[in-house]
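These are my notebook entries on a single model. I set down what I looked up, topic by topic.

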Amino acid sequence: MRLEELQLHTSPFLEGYSNGDKDVVRFFDYKSPYDKHEWAKRQQELKRYSFPRKGLTDYLTSYNQRIGSSAKTIKNIQKLNADESLAVVGGQQAGLLTGPLLVIYKCISTIQLAKEAQKELNVPVVPIFWIAGEDHDMDEINHIMVPKNNTAKKISLKSASSVKSSASLWEWNRDEVQPWLKEVFHSFGETAYTSDLLVETERILNESDSIVTFFAKLLSKWFSEEGLIVLDSGDPSFKKLQSTMLKEMIVHNSEIDHAFNDRTEELCRSGFSAPIEVQENNAHLFYTKNQERILLYRDENGFSSKEKDFKISESELLEEAIKHPEKFSNNVVTRPLMQEFLLPVLSFVAGPGEIAYWAVLGKVFSQFNRLMPILTPRLSFTLVTDQVNELVQSKKLTVQQVLENGTDGYKREWFALNRPIETFETVQSVKAEFTSSYEKLIKLAEDIDSKLLPVADQNMKRILSEIDYMENKLEQRVRKKVKEPLAEFDEIMLQLKPTVILQERIWNIYQFVNEEGPELVNKLVQYPYQFNGKHKIVYL
């Protein structure tokens with residue numbers, strides 16, 4: 001593998017955060033994400049807090065054994081029993097076949113940052129991946145994108161239910177998933193690795209009762225030898241650890257909401273967009289009834305659904321938090337709070353959107369006399385296969401040019417220089433000569449009978465139209481001769497920047513493993529990257 005770095009201008013807010021822009025970093029408690037001195041400050045800060053370490057390690061051990069994690073992961077879990085141990089945390093919704101590439105990059109970032117921090121601080125620092133299994137938006141996670149007919153095609157798996165239940169509770173019929181899986185692998189194309197890769201993936205699918213379990217087992221397959229710990233926030237067993245914090249969130253619900261609203265207004269006054277929608281009296285908690293997640297709102301009698309078809313008093317909700325914490329789940333505002341209550345988080349590995357929404361949480365954390373963790377922007381990659389690199393070089397381009405500018409401009413330039421026969425000047429000359437000669441015919445018609453002028457004019461337009469028709473035919477033949485080279489520009493764009501956004505948000509790791517082999521993920525996770533805010537171009 002070979003690595004290049006460049007500064008991509010994709011998210012002004014993230015760029016401001018990475019560069020220490022005072023108008024951005026003032027919204028965060030730790031203002032220098034790449035300064036290792038911040039780690040020592042955070043380490044001291046965490047000594048102020050207590051964590052449910054025994055219950056946490058018991059749950060994590062049980063869950064990670066269930067998904068087939070390695071002995072190294074189990075050993076990392078046991079390290080959390082030590083009071084001085086810390087965690088680097090990343091997270092994402094569960095996605096089919098691990099979802100878009102950025103999920104893999106979050107795992108790599110979490111693992112590598114934990115290793116760096118452990119070496120720097122000389123205390124155990126473990127990598128943890130938080131699966132947002134309590135999320136219920138199936139449309140976001142029930143598909144993957146594959147390259148097809150010069151575009152990104154979505155291959156979706158239909159939901160078994162229209163009820164908005166947590167992804168962790170969405171049990172699927174594996175017999176219905178099998179055809180979907182085969183269709184996906186067929187779209188990748190047959191290589192020397194396809195058959196074995198499909199057989200192994202089918203085996204893992206057959207051991208998985210839900211999309212979240214499938215996701216967790218695949219993460220374990222790829223990263224447990226690196227010691228990555230996986231947790232499912234939607235797992236009822238994990239929710240048993242959350243009762244105490246749920247009670248705090250219910251009792252101080254109004255303060256949480258006001259703190260969130262105040263900081264959001266402050267962010268907007270500074271010229272930035274609100275990263276999270278503000279809704280009046282939002283409780284920022286979901287309650288599950290009949291397997292459906294209901295977003296709660298505060299009202300004069302306690303809490304209710306938005307439509308008021310479900311109501312519950314504060315005392316009843318507190319009792320439910322104690323007896324049935326599995327019925328509760330967090331939204332984007334309270335999830336970070338729950339994470340901080342349960343885990344000794346040194347740093348949270350965040351994507352651009354996550355950095356933005358953490359910016360409105362500072363006052364929420366201060367309500368509980370806590371600081372936000374260090375937010376480390378995740379590593380960002382573009383993978384370049386040999387085939388794509390050869391195409392790029394054949395056009396005398398660089399991958400950096402493609403990422404920064406796309407290919408349309410270069411495509412037009414190439415076409416202008418490589419037209420086999422120039423048609424425009426000849427056609428324009430014919431049109432001019434014809435129009436000049438035809439003027440004589442118009443003059444003759446006028447001398448004979450002025451009523452013939454409309455007929456002459458119409459006839460001229462028809463003849464010019466026929467010349468245009470011939471011009472189009474000539475252009476079609478010209479384009480046909482250069483069709484393949486032009487299509488190669490489109491292929492470059494499709495592979496490196498599909499739908500004009502970064503590859504990591506569209507393509508899936510299995511597409512590349514199918515082409516490069518199963519060692520690809522191990523090579524990616526072992527490479528010594530720098531956390532410096534720069535985009536990595538990885539030549540495979």
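The entries below cover cores, a pocket, two sheet regions and two loop residues.

**Entry 1. Status of the model.** I note at the outset that this is a predicted model.

**Entry 2. Nonpolar cores.** I looked up the largest nonpolar core and found 143 residues in it. Phe28, Trp180 and Phe223 have the most contacts inside this core. I then asked which element supplies the largest share of it. That element is helix α6, residues 101-121, with twelve residues.

I followed Phe28 further. Leaving aside residues up to four places away in sequence, Phe28 touches Phe13 and Tyr17, and also Ile355, Trp358, Ala359, Met372 and Leu375. A second core, separate from the largest one, has 23 residues. I recorded Leu397, Trp414, Met493 and Ile537 among its members.

**Entry 3. The second largest pocket.** I took the volume of this pocket as about 470 Å³. Its lining comprises 26 residues. Nearest the centre lie Thr10, Leu14, Pro352, Ser380 and Leu502. Which helix gives the most to this lining? Helix α1, residues 12-18, does, with three residues. I also sorted the lining by class: eleven residues are nonpolar, nine are polar and six are charged.

**Entry 4. Strand β15 and its partners.** I checked whether strand β15, residues 535-539, is covered, and it mostly is: five of its five residues are buried. In a regular strand, side chains alternate between the two faces of the sheet. I therefore looked at directions in β15: His535, Ile537 and Tyr539 point one way, while Lys536 and Val538 point the other way. The residues on both sides are buried, the two sets alike. Ile537 also appears in the second nonpolar core noted above.

How many bridges pair β1 with β15? Strand β1, residues 2-6, pairs with β15 over five bridges in the antiparallel sense. Within that pairing I found Arg2 opposite Tyr539. Strand β14, residues 381-384, runs parallel to β15 and is joined to β15 by four bridges. There, Thr382 stands opposite Ile537.

**Entry 5. The five-stranded sheet.** I traced an open sheet of five strands in the order β10-β9-β8-β7-β11, and its pairing is antiparallel. Why is one side of β10 and of β11 left without a neighbour in the sheet? Both β10 (311-312) and β11 (328-330) stand at the edges and have a single partner strand each, so one side of each lacks a neighbour there. For β10 I looked up the pairing with strand β9, residues 302-304: two bridges link them in the antiparallel sense. Ser304 has Lys311 in β10 as its bridge partner.

**Entry 6. Two asparagines with positive phi.** Most residues other than glycine have a negative phi. I therefore recorded two exceptions.

- Asn290 has a positive phi of about 50 degrees, although it is not a glycine. Asn290 sits in the loop between β7 (282-289) and β8 (292-299). Is Asn290 buried or exposed? At 68% relative accessibility, Asn290 counts as exposed, because the cut-off for exposed is over 50%.
- Asn369, also not a glycine, has a positive phi near 55 degrees. Asn369 lies in the loop between α17 (362-366) and β13 (374-377). With 54% relative accessibility, Asn369 counts as exposed as well.

Conventions:
Residues numbered from 1 in each chain as written. Predicted model: local features only at pLDDT ≥ 70, side-chain atom pairs only at ≥ 80, totals over all residues. Heavy atoms only, no water. Core = buried A, V, L, I, M, F, W, Y, C linked by side-chain atoms within 4.5 Å. Buried < 20%, exposed > 50% of the residue type's maximum accessible area, 1.4 Å probe, protein only. Contact = heavy atoms within 4.5 Å. 1 Å grid on protein atoms, 1.4 Å probe; cavity = no way out; pocket = protein on both sides within 12 Å on 5 of 7 lines; lining within 4 Å. Points joined across faces, edges and corners; volume = space filled by probe spheres on them. Nonpolar A, V, L, I, M, F, W, Y, C, P; charged D, E, K, R; others polar. Pairing = 2+ DSSP bridges.
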